[in-house]
Amino acid sequence: MRCLRRTAAHLLCYARTVPSNEARMAFDQMLLPPTTVLCRPPRVHAGHMLDGMRGSWFCTQAGSTGTHELAMDQKFTVVPGSDGSEAAERVCRIAVDQQFTVVPGSDLSEVAERVCRVLSTQPEPTVAPALDALGVPMSRELVAEVLKNLSNAGVLALTFFRWAERQEGFVYTAESFHNLIEALGKIKQFRLVWSLVEAMRCRGLLSKDTFRLIVRRYARARKVKEAVETFEKMGGFGLKTDLSDYNWLIDVLSKSKQVRKANAIFKDMKRNGKFVPDLKTYTILMEGWGHEKDLLMLKSVYQEMLDAGIKPDVVAYGMLISAFCKSAKCDEAIKVFHEMEATGVMPSPHVYCMLINGLGSEERLDEALKFFELSKSSGFPMEVPTCNAVVGAYCRSSKFEHAFRMVDEMRKSGIGPNSRTYDIILQYLIKSQKIDEAYNVFQEMGRSACEPQINTYTIMVGMFCSNERVDMALKVWNQMKEKGVLPCMHMFSALINGLCFENRLEEACSYFQEMLDKGIRPPAQLFSNLKQALIEGGRISLAQEMAFKLDTLRKTPLRP
């Protein structure tokens, strides 16, 4: 038991941080075996769902817009002694009993929430009849909204899309394709993504935005070579690149922690004379080096810009100020602020926001408040980001009462608060070990017009799991699912680790299985920790079964 507690302590430490390394198995090859580990409602696994789309999205003729082209063979699990129609009817009754039906006059977000709730709670074989029972009037707006809500659950997004395209009134749109590409890209299903690109090409829906999505997903997956190749492929699809395209490529790479590669592309662009860098090019690179806190390279790019005869604007000065603040050099940031004023460049609300954030993080509250007052006296109306920065500054100095007064002032002024405001307060309350107060704030969100978002739920689940209150974490989890919000990878990780700590290994495995069913990629460290807890808990056969499942994932190829 002592050994198990030691492992559990390690798990909790892991839950407080997000590991950068990802699962060792190749989720580009994502076919789950047909068997399940746990006694749960039957689901078709992620791999089965993805494997079922072999070539189904390729057009048979250019411009084809038929709504039934992509229909798939449904396989329903039927209780022995009943036929398929009885099973479907029974599922429909269940859906109605669970109050999933759509009331006439419901707004788009409410209908989308109900659809997501069905997708996240129904066993996969019964999803289609349960969705049918909703009586949803199909529209392009609804499809786009649901797919956007499912951006962190690629397999569920694919399930919904394949159901929706068989419904009367369904229309293929660039927005729905883009939302599906985003969801599948997050689970690294790039073969499927390129199948979608081909389908979009046939329907005349391709644009530069399509390639920007794919480039970003490759960059986030640290597939830099593939990201650049995708950018270069645009010309082959009749999309000509210009300076603005190179700027967004550099921007995407920089924001994906690939600023060195972005800098190499910048140098190559200059050397080959493809384009002449402009103010935006330099500003993007300055932001990238600022994120890396590499002030030497930041200053080098800034000087290169000046040498090219380009004068900095408020955005460029803002990048300098932001970099100095992030590097805990607020005095340098203030010098840049005064230099900007001296050159006649008027500070923007964003500049004030960065200075308030930076000074607040250094617990220089009085100076932060002076810049807030200066912002208001400069004629700028109060904005949510600036107010949130003030809230953060108060919280950093443990002045929570003042933070709440700021929230009240925001409310009276009609500019918020938003979920980010509450997230800031929650994070600092948790840091101060004010767990009950944090939960009260969370509950207050539910009673106000500001609904918790996925980040808020992630903060709360992580808080309770880290404080050995998994039952409360599960309560928050269930509340989230009732709202139709789908859990992300970080939430699954925190909950599974918390369950392992309390030696609730069956439940930990159940949620791990659910994670796989939804197509969410588990970090390698998460499975390693779960396996170790199972072994030390005497559940060796279950650990072996889970290991076999993941090994099968790695070895089984996915056919597009």
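**Exercise 1. Aromatic pairs**

Task: Determine how many aromatic pairs this predicted model holds, and classify the pair formed by Tyr439 and Phe442 from its ring geometry.

Solution: The structure, which is a predicted model, holds 22 aromatic pairs. For Tyr439 and Phe442, begin with the ring centres, which are 6.1 Å apart and so fall within the 6.5 Å allowed for a pair. Next take the planes, which stand at 25° to each other; because planes under 30 degrees apart count as stacked, the pair is stacked. Then place the two residues along the chain: both belong to helix H23 (residues 435-447), where they are three residues apart, about one turn of the helix. Finally consider their exposure: Tyr439 has a relative accessible area of 11% and is buried, and Phe442, at 1%, is buried as well.

**Exercise 2. Charges over rings**

Task: Identify which residues form an aromatic cluster with Tyr172, and state which charged residues lie over the rings of Tyr172 and Trp194.

Solution: Tyr172 forms one aromatic cluster with Phe161, Phe170 and Phe177. Turning to the face of the Tyr172 ring, one finds Arg203 lying over it, at 4.2 Å from the ring centre. For Trp194 the partner is Lys233, whose charged end sits over the ring at 4.4 Å from its centre.

**Exercise 3. The surroundings of Asn179**

Task: Decide whether Asn179 is buried or exposed, and describe what its side chain reaches.

Solution: Locate Asn179 first, in helix H8 (residues 174-186). Its relative accessibility is 15%, and since buried means under 20%, Asn179 counts as buried. The side chain of Asn179 reaches the backbone oxygen of Ala144 at 2.8 Å. With neighbours within four places in sequence set aside, the residues in contact with Asn179 are Ala144, Leu147 and Lys148, so Ala144 appears both in this list and as the owner of the oxygen that the side chain reaches.

**Exercise 4. Backbone exceptions**

Task: Find where Lys188, Gln433 and Pro417 lie, and state what is notable about the backbone at each.

Solution: The background is that most residues other than glycine have a negative phi, and most peptide bonds are trans. Lys188, although not a glycine, has a positive phi of about 60°; its place is in the loop between H8 and helix H9 (190-202), and at 11% relative accessibility Lys188 counts as buried. Gln433 likewise has a positive phi, near 60°, and is found in the loop between H22 and H23, but Gln433 is exposed, with a relative accessible area of 53%. Pro417 is joined to Gly416 by a cis peptide bond, with omega about 0°, and lies in the loop between helix H21 (400-413) and helix H22 (419-431).

**Exercise 5. The chain and its core**

Task: Describe the make-up of the protein chain, and name the residues with the most contacts inside the largest nonpolar core.

Solution: The protein chain has 29 helices and zero strands, and buried residues make up 53% of its 560 residues. Among contacts between residues at least 6 apart in sequence, 68% join residues at least 24 apart. The accessible surface comes to about 24900 Å², with 50% of it belonging to carbon and sulfur atoms. The largest nonpolar core has 173 residues, and those with the most contacts inside it are Phe160, Ile321, Leu495 and Ile496. For Ile496, the contacts beyond four places in sequence include Ala508, Tyr511 and Phe512, as well as Met515, Leu526 and Leu530.

Definitions and conventions. Residues numbered from 1 in each chain as written. Predicted model: local features only at pLDDT ≥ 70, side-chain atom pairs only at ≥ 80, totals over all residues. Heavy atoms only, no water. Helix = DSSP H or I, 4+ residues; strand = E, 2+ residues; numbered from the N terminus. Buried < 20%, exposed > 50% of the residue type's maximum accessible area, 1.4 Å probe, protein only. Polar contact = N/O pair within 3.5 Å; in protein donor to acceptor, adjacent residues only side chain to side chain. Contact = heavy atoms within 4.5 Å. Core = buried A, V, L, I, M, F, W, Y, C linked by side-chain atoms within 4.5 Å. Phe/Tyr/Trp six-rings, centres within 6.5 Å; stacked < 30°, edge-to-face > 60°. Lys NZ or Arg CZ within 6 Å of the ring centre and 35° of its normal. Areas by Shrake-Rupley, 256 points an atom, 1.4 Å probe, with all protein chains shown as cover.
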